[in-house]
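This report covers a metal site, the residues around it, a nonpolar core and some backbone details. The structure comes first.

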Amino acid sequence: MKKTATNYQVSSIGDIQTLGRATLKDRLALTGSEISVNELPAGASVPFVHSHKRNEEVYIILKGKGQFYIDGEEFAVEEGDVVRVDRAGARCLKAGDQTAIRYLCIQTEANSLIQFTQGDGVILEAKPSWLK
Ligand code: ZN
């Protein structure tokens, strides 16, 4: 943990290429989601197919290419692609044979989102030094 204050935490995941996977729930004391940063080297696969009891997942491909398996379908993904998988979806992900893949996986409880963006944000009077 780099810094913990009343209303925020700052941490570092370190070198994800070496770690392979870093989860943020404990590092940041998350209360509404689990987020992982993942990297699979070329040719490597998550070693199992899984689903979830309560959580949907969003996969955000940050770098590289790979293959998704969901409910028996296989399809290619690459940098910039985003994939939502319902809790019941049977999923697996593999890096390309020649290309590593780096991705975020965000897990949240299905149907838990009540408000978001402008519906939840509150504009305040406080200003950082760069806002006039
Ligand atoms: Zn999962």
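## Gln 107 and its surroundings

Beyond its neighbours within four places in sequence, Gln 107 is in contact with Gly 32, Ser 33, Glu 34, His 52, Asn 55, Glu 56 and Glu 57. The model is predicted. Gln 107 belongs to strand S9, which spans residues 101-109.

Gln 107 has a relative accessibility of 18% and counts as buried, because the cut-off for that class is under 20%. Its side chain makes two polar contacts described here. One, of 2.8 Å, is with the side chain of Asn 55; another, of 3.4 Å, is with the side chain of Glu 57.

## The zinc site

Two of the residues in contact with Gln 107, His 52 and Glu 57, are also donor residues of the zinc ion. The protein donors are NE2 of His 50, NE2 of His 52 and two OE entries from Glu 57, at 2.0 to 2.8 Å from the ion. Along the sequence, the donor residues follow the spacing H-x1-H-x4-E.

The angles among the four donor atoms run from 51 to 146 degrees, and the site is irregular. It does not count as tetrahedral because that class requires all angles to lie between 85 and 135 degrees. His 50 is partly exposed, with a relative accessibility of 24%.

## Strands S5 and S8

Strand S5 covers residues 55-70 and runs antiparallel to S8, with five bridges joining the two. One of the bridge pairs is Gln 67 with Lys 94 in S8.

Strand S8 consists of residues 91-95. Four of its five residues are buried, so the strand is largely enclosed by the rest of the structure.

## The nonpolar core

The largest nonpolar core has 15 residues, and those touching the most other members are Tyr 59, Phe 68, Val 77, Val 83, Leu 93, Ile 101 and Tyr 103. Strands S5, S7, S8 and S9 each give two or more residues to this core. S5 supplies the largest share, four residues. In soluble globular proteins, nonpolar side chains tend to be buried together.

Val 83, a member of the core, touches Glu 57, Val 58, Tyr 59, Phe 68, Ile 70, Phe 75 and Val 77 when residues up to four places away in sequence are not counted. Among these, Glu 57 is also a zinc donor residue, while Tyr 59, Phe 68 and Val 77 are core members.

## Val 82

Val 82 lies in strand S7, residues 82-85. Val 82 is exposed, because its relative accessibility of 57% is over 50%.

Leaving aside neighbours within four places in sequence, Val 82 is in contact with Tyr 59 and Ile 60. The C-alpha atoms of Val 82 and Tyr 59 are 5.6 Å apart, although the two residues are separated by 23 residues along the chain.

## Positive phi after S9

Most residues other than glycine have a negative phi. The segment after S9 contains Asn 111 and Thr 117, and both depart from that pattern: phi is near 65 degrees in Asn 111 and near 45 degrees in Thr 117.

Asn 111 is exposed, with a relative accessible area of 73%. Thr 117 is also exposed, with a value of 56%.

Notes: Residues are numbered from 1 along each chain as its sequence is written. This is a predicted model: local features need pLDDT of at least 70, side-chain atom pairs count only at pLDDT 80 or more; totals for chains, interfaces and linings use all residues. Side-chain values use heavy atoms; hydrogens and water are left out. Donors are N, O and S atoms within 2.8 Å of the metal (3.2 Å for Na, K and Ca); water is not among the atoms, so sites may look incomplete. Four donors count as tetrahedral if all angles lie between 85 and 135 degrees; four count as square planar and six as octahedral if opposite donors are over 155 degrees apart and all others between 65 and 115; anything else is irregular. Buried means under 20% relative accessible area, exposed over 50%, partly exposed in between (1.4 Å probe, protein chains only). A polar contact is a pair of N or O atoms within 3.5 Å; within protein, one must be able to donate a hydrogen and the other to accept it, and residues adjacent in sequence count only if both atoms are side-chain atoms. Contact means heavy atoms within 4.5 Å. Two strands pair if DSSP finds at least two bridges between them. A nonpolar core is a set of buried Ala, Val, Leu, Ile, Met, Phe, Trp, Tyr and Cys residues joined through side-chain atoms within 4.5 Å.
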